[in-house]
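Welcome, and please open the model in your viewer. Have the selection tool ready, because we will go from stop to stop together.

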Amino acid sequence: MAPSNGDVSTREDAAARVAYLFSETVLSVQPNLKAAPDVGFQHALDRMVYNKDRGIVAKHGTLPSVYSVRYNDDPFLAAVDELRSTTFISITTASSTLPAAIAHLAKLAKFPVVIHVSMSRDLPDFSEITSLRQLGFTLIQSFNLHEAQDLAIASHVLAIRTGKGVIHFFHQPEVEETPIPFEDVNQIENFFDRNALVYGGPEGNTVANHLYWNEAVGLVAEKTTMKEDADEKTNGGAVSLAKVGYTTASQFQAIEAVFELMRVATGRTYKAFDYHGAANAVTALVICGSSAQTFITTIREAGRGDIYSKVGVITPRVYRPWSAEKFLDVIPRSVKRVGVLEQAHRQTTKWGRILLDVISSLNNDLSKATAIPVVVGYQLGYLDSKTIRQALRGIVQNIQSEAPIQNLVVGGRASHDVDSEYHLEEPELETAYSKMLYNVFGDRLSILNALERDDAGIPRTITSNPEYGFGAYLAKEEEKKLLVSKLQKAVNEKLFTNQEINDLVLHWLLLNSEGSSKLSEAGAELVSNLEIEGSEIAKELLNDKAFLLGPSSWIIGSDAWSYDLGTSGVHNIIASGKNVNVLIIDSQPYTARAVKNVSRRKKDIGLYAMNYSNSYVASIAVYSSYTQALQAFIEADKFTGPSIVVAYLPYNEETDSALTVLQETKNAIDSGYWPLYRWDPRPDENGLPNFQLDSQALKMELKEFLERENHLSQVARRVPVFGGNIDGSYSSELRSRQRQKAKKAYSRLLEGLTGPPLTVVFASDGGTAENVAKRLQRRAKGRGLGAVVMAMDDFPVEDLGAEENLVIIASTAGQGEFPQNGRNFWEAVKSSTDLNLASVNYAVFGLGDSHYWPRKQDKIYYNKPAKDLNHRLEILGGMRMVELGLGDAQDPDGYQTAYPLWEAELWKALGVDGIGAAVEEPPPLTNEDMKVQSNYLRGTIAEGLSDESTGAIAPSDFQVAKFHGVYLQDDRDIRDQRKANGLQPAYYFMIRVRMSGGVATPAQWLAIDRIADDMGNHTFKVTTRATFQLHGVIKKKLKPAVKAINAVLLDTIAACGDANRNVLCTGLPYNSALQKELNSLARVLSEHLLPTFTAYHEIWLTDDNDQKKLVAGNAVVDFEPLYGPAYLPRKFKIAIAVPPYNEVDVFAHDVGLIAIVHEQGKLTGFNVVVGGGMGITHNNKNTYPRTGGMLGYIKKEDVVVVCEKIMLIQRDNGNRKDRKRGRLQYTIDDMGFDIFRQKVEELVEFKFEDARPFSFESNIDRFGWVKDERGLNHFTMFVENGRIADTPGFRLKTGLREIALAMKGEAEFRLTGNQHVILSNIAEEEIPHIKRLLVEYKLDNRQFSGLRLSSSSCVAFPTCAVAMAESERYFPIFISKLESYLEELGLRHDSVVMRMTGCPNGCVRPFLAEVAMVGKAYGVYNIMLGGGYTGQRLNKLYRSSVNEEQALTLLKPLFKRWALEREEGEHFGDFLIRSGVIKPTLDGSKFHDDVAEEDEE
Ligand SMILES: Cc1cc2nc3c(=O)[nH]c(=O)nc-3n(C[C@H](O)[C@H](O)[C@H](O)COP(=O)(O)O)c2cc1C
Ligand code: SF4
């Protein structure tokens, strides 16, 4: 039966409701901060919070507070902390959290804290409860839903009456119980006098309350200090239980009185023990386990002949205090034998805890009327109604036998394998740090508070208190002393025959006594010598190998330790000065930082330790800087004395993806909330502690500390000078200053203007609406209006009512959302109730796309912001001047179709329509203008680089800088947060290297690796044009980075921009001679088609001090013989492939050269294909991807001239008006293919021959080792999406660096067009070493699925400025979700070319993939299907705008069909076409035809 409103259907719900009613604060302990609402107690708590239900004991006028505390966050410490300010606290938790919290529970037991405990659903472990028996808690168990409610109430009343802690526990069954009504609040209120309750928190409060109940007087509130309460006189005649000694008898007295209250109120009777069974039973079973009720029922139903028909069952309800008297009361005198069945998995003693209670009760039987029964203990496992009879027979047979066996195990291990509970294992995400520690210290790593460890040395469980770890450290110190005396003895007694060992031991002893950091080195040498020696004493000493190696001792804890610093174990460790390292993982998400209980004042452990001045301190975040974290670990280990490393790892729930953790980390660091730094207290050459700030913003407390210590001025020298725009700690101040400035400027403007005022505000992500608004303002000024323009969010909403004429130009983002710079404005306008726009004339024009979301149900998103604003302004009383204008990207001229009409209406409404003709305005600056006006790509880049007021460069320079291989970007992960903080975006640059042919020497690899570390974001990328790309280079480091690239004979010229890009050439590992020939051709082509502008050298390669600005001198004017001043209309790409391999996707480039190789392996010439291209614009049918068309065959000598002439035709004929159609593919289609060929032939003065036969096998890489014709070896290595980075579990970047260092002779790196890496030209004798490194760094992994190996994605977030959806960071996650399914279908090893991009620009050539996901908005993709496996055929839109779940739902059945129905060797893309799922795209211009899903009108 579904519960009606007001019903309770689970024991957890019942207890949670009561906890809420009886508490000021409920701490809900759960695995996640965002637990699923239907988990455990959370459901009921959430509901009560949501309904704002009143509590019974919460202070008048307040509601109970409910806080979630993560189970691994030392949750019971949170309760201890809460005692400072709160009296009535309850905790709801699963039983598994209890044993690790015994230290805190001992404290909590002294206060009226009630803990409701739900036992594991699967197979409860009662030892989790019985292990608490000595702590002073009353332990009460309930057995059914009614009891859970009654005894929850009883527990709270008892806690109030006794002032002591109560643990109420129960097993939540899987089966549904009949719902019961909510508790009767009126009745409960009579159980105590509400007015007598005293608040304020019992601990640390001088007027702490102790509430004691007295038979005669009732509830007594006693105001004493905590210290006094032990010996204070009784108050007003009341008998304080605490003062008369809280004896078992008085405790019991209180319990019985409360049970009596419950009986009177509910009619239900509760006793300490229940007995079920015959009055003349000869055997009694005391059952502590979840199957007690099944036992009772089975015995009740027993037939006469059943061996267990004369068996009774005793179930304890009150475990503590254990009353021998009450126990003896229920046990029939006829009983001769007693079985004690305890469901305890972690029994640490031979005898069960309840067994001991039973034995001592029976022995204490003062009446001794009969002989003491025999007691037999059992370990109870899982039993169900089917197995219980058999089990009972076994139990009774054993009990009744002459010599019963003790400790028999009854029942199985678990009911099923469903793991519905949570365990105290180190959360998977947090193992990132343990893994790093293990990577760095290997065998030397000693995690002192690890309880268990798995094979990788990573702890599975760690105790939650630092004292344990410190204790372990001290114990190890003692062991080490023993070792030292053993070594001394061995030396003194000359036990080593080998003098060398003797010397090594002496050396080791000396270093040890000095506390030297060189101990581990000396230890390693000693160990290896001892291992060789093999004598008895050597063997004995090797037992202590870890000590000899000088262990790196770590205690790992959570930020929970930072709440109670002064008295905590962390303090003791710091104060001790011992050489121990503490790693504290703070997992509080940045976005949830304010949600936490404000009364819990988290202290900054790092600062605390710095104040102590004897500890090494570091603040790290592995998801921000792996290298900085690594450095901190190494420094902490080397430091002799305490080291405190605080590490950030924010997450809400363990299932949070690394992406979420990364984004939270970035925001925290960027805002200064979590600075990265390292502090060494040892004075430097200036006598100051060494402080190294590794991130850019400092939080205020830290800054104050440094200032206070009078260090900041000195420290600052080592800290880069940051402009206000990137110093987060000034953000609010900065924001208010900016606002003031904007307002002033605004007023000044208004003062200077004469005509009627007009305020134009815009919201725009891509700049279109912004341009429209700015143009409108210029034209308005031309008409004499006092017009100003600004972004919506810069407009002070509170001043809206004072506007006279307001015009809004709003575009649409996301799914009908406001663009970034309009969101705050809209929020304010939407929610404001006191805005009065009665005197405001307004007009709104929206920019949108009626087909951006083509499904019928998504039509509501069309131009939604404009529509919403238009409506809202009307409601607020505004007067509409002009009807809402809607610009639609689908109209023939896009938004321009509707706009002029709307604007004309606006002029009319403003009364200035007659003067339009007089207004002339300059046309907007196009890309073409920028190129031409840039003076051969000089622009004002040099000036921009030296402007320290911004991290960016001018917009026009942004276009020009691309030709220099430099792209302005900003960190999109933190864009919103920075905006909210009033800061500019976090600008940085991407640098792309020109490395035509894709071959890098080891020295070049190492240089790129170092530049990424020193100047970039510590990673780099292998691109789809087989070159390097560096990200995250801030402006200050841009020039040094470009210089450093040039220093290793690479450059960045035309790696981006409207010119010929990096020439892509096959890596061809199996044919060295051919590869060499093609590679040099690629270089020749690249050099030949290279722009010759001198600005590159001027800007990047001169010294800053160099006064001579122009390399060529001002007199020399640049000249671009091939390009001219306007360069090409768009980018131009060339690729070279050698059949049968097409990993460069030769059909996707402006010019594709298909090598034709003579039978003897000699290159003769090329088939030339032209007009390939990938980039499109969503929903713009004028744009489409295209595969190159065949011009014909040419001799190899002619290839340079052919490429040059093709480029020149494109230069002169390409569309310079519409960049979207600027590529060669459109020039050819507009011109006609044959005419194009004719033009090329005219220019080259020969004709193309017929194409030579060729065929391709695939467009993916072939991984693994191959040998070339010279006997040199090549290893093609899978690099997921080309990203070279280190992560805690996978040190790819370090591994490749080691390989680069190890490479000898001709060895080199070749990059592939699929973003992988070939280790090339490895001599036979070098193979073992390289293989060892591959294994050591796990780089030899060819076990990936066929799907993963043939997948690739573009960069997208966070660096790509135009990304609409995630790609590189998300694609691996998506693949994992498909992989397991493919494995089930037996498709694990089948290759499917799948690609993902963050937008339709097509950087990884998605439109040639068999399956592609092309980003449309955050989390939303278009699914494309049917590309050819060899890269010869385009795919087609299958479904638009799908999220992850929908994508998986769409793709899985298609894979299944392929698995079942495919023909021999048939590829996925071909199958989809044969089976009619998708139509083939045989020609780019037909790309939009016959799509599976037509837009719905
Ligand atoms: C990611 C994205 C999402 C969009 N979502 C919508 C939408 O939901 N409704 C709509 O009418 N237009 C939508 N559009 C179309 C834009 O509003 C339109 O292209 C507009 O001209 C962009 O102007 P802007 O450059 O000023 O941002 C979307 C465009 C993008 C790039
Ligand atoms: S495809 Fe789009 S999102 Fe991906 S990197 Fe290229 S431009 Fe950026």
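Here is a tour of some strands, some charged pairs and a patch on the surface. Keep in mind as you look around that this is a predicted model.

**Stop 1: strand 2 and its partners**

Select residues 25-30, which make up strand 2. How many of the residues of strand 2 are buried? Six of its six residues are, and the strand is mostly covered. Now show the side chains. In a regular strand the side chains alternate between the two faces of the sheet. On one side of strand 2 you will find Thr25, Leu27 and Val29, and on the other Val26, Ser28 and Gln30. Both faces are covered, with these residues all buried.

Next, add residues 65-70, which form strand 3. Strand 2 and strand 3 run parallel and are paired over six bridges. Then add residues 89-94 for strand 4, which also pairs with strand 2 in the parallel sense, over four bridges.

Which residues stand across from Leu27 in these two partners? In strand 3, look for Tyr67 opposite Leu27. In strand 4, the bridge partner of Leu27 is Ile91.

Before moving on, click on Ser65, which belongs to strand 3. With a relative accessibility of 24%, Ser65 counts as partly exposed. Try drawing a distance from the C-alpha of Ser65 to the C-alpha of Leu27: they are 8.4 Å apart in space, and 38 residues apart in sequence.

**Stop 2: strand 7 and its partners**

Now select residues 166-171, which are strand 7. Buried or exposed: what do you find along strand 7? Six of its six residues are buried, so the strand is mostly covered by the cut-off of under 20% relative accessible area. One side carries Val166, His168 and Phe170, while the other carries Ile167, Phe169 and His171. Both of these faces are covered.

Add residues 114-119 to see strand 5, which runs parallel to strand 7 and is joined to it by six bridges. Here you can pick out Val117 and its bridge partner in strand 7, Phe169. Then add residues 138-142, or strand 6, which is parallel to strand 7 and joined to it by five bridges. Look for Thr138, which stands opposite Val166 of strand 7.

**Stop 3: charged pairs**

Time to look at charges. Side chains of opposite charge can pair when their charged atoms come close. How many salt bridges does a search of the whole structure find? It finds 71, and we will visit a few.

Select Glu256 and Lys326, whose side chains meet in a salt bridge with an N to O distance of 3.3 Å. Glu256 sits in helix 8 (residues 248-266) and Lys326 in helix 10 (residues 324-330), so the pair ties together parts that are 70 residues apart in sequence. Glu256 is partly exposed at 37% relative accessibility, and Lys326 is partly exposed at 22%.

Now select Lys666 and Asp971. Their closest N and O atoms are 3.0 Å apart, in another salt bridge. This pair links distant parts of the chain, 305 residues apart: Lys666 is in helix 22 (residues 658-670), and Asp971 is in the loop between strand 33 (966-970) and helix 33 (975-980). Are these two buried or exposed? Both Lys666 and Asp971 are buried.

For a pair within one helix, select Lys864 and Asp868, joined by a salt bridge with closest N and O atoms 2.9 Å apart. They are four residues apart in helix 28 (residues 864-875), so about one helical turn separates them. Asp868 is partly exposed at 23% relative accessibility, and Lys864 is partly exposed at 28%. To see salt bridges that share partners, select Lys666, Asp971, Asp973, Glu1366 and Arg1369, which are joined into one network.

**Stop 4: a negative patch**

For the last stop, turn on the surface and select Glu500, Asp503, Glu521 and Glu525. These residues gather in a surface patch of negative charge. Which helices supply them? Helix 15 (499-514) and helix 16 (519-533) each supply at least two residues of the patch. Finish by clicking on Glu521, which lies in helix 16. With a relative accessible area of 60%, Glu521 is exposed.

Definitions and conventions:
Residues numbered from 1 in each chain as written. Chains lettered and ligands numbered in written order. Predicted model: local features only at pLDDT ≥ 70, side-chain atom pairs only at ≥ 80, totals over all residues. Heavy atoms only, no water. Patch = residues over 30% accessible without salt bridge, like charges linked within 9 Å, V, L, I, M, F, W, Y side chains within 5 Å. Areas by Shrake-Rupley, 256 points an atom, 1.4 Å probe, with all protein chains shown as cover. Salt bridge = Lys/Arg side-chain N within 4 Å of Asp/Glu carboxyl O. Lys, Arg positive; Asp, Glu negative; His and termini not counted. Charge placed at Lys NZ, Arg CZ, Asp CG, Glu CD. Buried < 20%, exposed > 50% of the residue type's maximum accessible area, 1.4 Å probe, protein only. Pairing = 2+ DSSP bridges.
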